[in-house]
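This briefing introduces one protein model to a reader who has not seen it before. Please look over the sequence and the structure, then read the points below.

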Amino acid sequence: VDHGIESAEKRRERGKPDEGNIHLSAFHESGKLVIEIRDDGGGIDGPMLLGLSVFFLALARKEETKISQLFSGFNEFVRALVTYLLMGLFVFLWTLLLIVPGIIAAFGYAQAFFILAEDKNIKPMDALRKSKAMMMGHKMELFKLSLNFFGRFLLSILTMGIGFIWL
């Protein structure tokens, strides 16, 4: 399995063609760079999140950014996948208690992929612990920011998509 695309046999079982596709499109819209990545496979979330973290860290530091950075997470596929699976497992287990603890846990692990992008030697479990420690006292700030964007997203839908220009 490569980049989240299932084997030909699994794809046939799911009613998909034998060959999978990964689509990358980048375009300029209203003064912003829009990058869309889609696949018709089983998912490429972990490595793509790591690649996005590398890309956004370079962007925030005003360093040179390249489209290839989006795929840099595949160079550390196992670390990214293990981190993604552990994060999903922990959030799921917290959600079993109630929904709110699951949401709080998800916000606690929000920095894990940025930590992986920064430190090439850190183990997935250590990245999750460090993220949890970094987010201590800051989860509410991230929650408010997420609500702000959620509200803007809803307003953008109400304007038949015109609001997405400013989102």
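**Salt bridges and helix packing**

Arg61 and Glu118 join their side chains in a salt bridge, with N and O 2.2 Å apart. The two residues sit in distant parts of the chain, 57 residues apart: Arg61 lies in the loop between helix 2 (45-60) and helix 3, and Glu118 lies in helix 5 (residues 112-118). The model is predicted. The points that follow start with the whole chain, return to the salt bridges, and then take up the helix contacts and some single residues.

**The chain as a whole**

- The protein chain has 7 helices and 2 strands.
- Along the sequence these elements follow the pattern α-β-β-α-α-α-α-α-α.
- The protein chain has 167 residues, and 28% of them count as buried.
- Of the contacts between residues at least 6 apart in sequence, 48% join residues at least 24 apart.

**Salt bridges**

- The count of salt bridges comes to 4.
- In the pair described above, Arg61 is partly exposed, because its relative accessible area is 42%, a value between the cut-offs of 20% and 50%.
- Its partner Glu118 is also partly exposed, with a relative accessible area of 47%.
- Glu76 forms a salt bridge with Arg79, and their closest N and O atoms are 2.4 Å apart.
- Arg79 counts as buried, because its relative accessibility is 15% and the cut-off for buried is under 20%.
- Glu76 also forms a salt bridge with Lys120, where the closest N and O atoms are 3.5 Å apart.
- This second pair links distant parts of the chain, 44 residues apart: Glu76 is in the loop between helix 2 and helix 3, while Lys120 is in the loop between helix 5 and helix 6.
- Lys120 counts as partly exposed, at 47% relative accessibility.
- Glu76, Arg79 and Lys120 are thus linked in a network of salt bridges.

**Helix 3 against helix 6**

- Helix 3 (residues 77-97) and helix 6 (residues 124-135) have axes that come within 9 Å and cross at roughly 50 degrees.
- Helix 3 is therefore oblique to helix 6, since the angle falls between the cut-offs of 35 degrees for roughly parallel and 65 degrees for roughly perpendicular.
- The crossing of helix 3 past helix 6 is right-handed.
- On the helix 3 side, the contact is made by Arg79, Val82, Thr83, Leu86, Met87 and Phe90.
- On the helix 6 side, the contact is made by Pro124, Met125 and Leu128.
- Sorted by class, the residues of this contact are 7 nonpolar, 1 polar and 1 charged.
- Arg79 therefore appears both in the contact with helix 6 and in the salt bridge with Glu76, and it is buried at 15% relative accessibility.

**Helix 2 against helix 3**

- The axes of helix 2 and helix 3 are 7 Å apart, and the two helices pack at an angle of about 105 degrees.
- That angle makes helix 2 roughly perpendicular to helix 3, because it lies in the range of 65 to 115 degrees.
- Helix 2 contributes Asp45, Gly46, Pro47, Leu49 and Leu50, which meet Phe77, Ala80 and Tyr84 of helix 3.
- The residues of this contact divide into 6 nonpolar, 1 polar and 1 charged.

**Single residues**

- Gly46 is found in helix 2 and counts as buried, at 2% relative accessibility.
- Leaving aside residues up to four places away in sequence, Gly46 touches Ala80, Tyr84 and Phe113.
- Gly46 and Met87 are 41 residues apart along the chain, and their C-alpha atoms are separated by 10.0 Å.
- Ile67 is found in the loop between helix 2 and helix 3 and is partly exposed, with a relative accessible area of 33%.
- The C-alpha atoms of Ile67 and Gly51 are separated by 9.6 Å, and the two residues are 16 residues apart along the chain.
- Leu93 is found in helix 3 and is partly exposed, with a relative accessible area of 42%.
- From C-alpha to C-alpha, Leu93 and Ala105 are 9.5 Å apart in space, and in sequence they are 12 residues apart.

Technical notes:
Residues are numbered from 1 along each chain as its sequence is written. This is a predicted model: local features need pLDDT of at least 70, side-chain atom pairs count only at pLDDT 80 or more; totals for chains, interfaces and linings use all residues. Side-chain values use heavy atoms; hydrogens and water are left out. Axes are lines fitted to C-alpha atoms, for helices over the stretch in contact, and angles run from 0 to 180 degrees between N-to-C directions. Helices (H or I, at least four residues) and strands (E, at least two) are DSSP runs, numbered from the N terminus. Angles under 35 degrees count as roughly parallel, over 145 as roughly antiparallel, 65 to 115 as roughly perpendicular and the rest as oblique. A crossing is left-handed if the near helix is turned anticlockwise from the far one by less than a right angle, and right-handed if clockwise. Contact means heavy atoms within 4.5 Å. Ala, Val, Leu, Ile, Met, Phe, Trp, Tyr, Cys and Pro count as nonpolar, Asp, Glu, Lys and Arg as charged, and the others, Gly among them, as polar. Buried means under 20% relative accessible area, exposed over 50%, partly exposed in between (1.4 Å probe, protein chains only).
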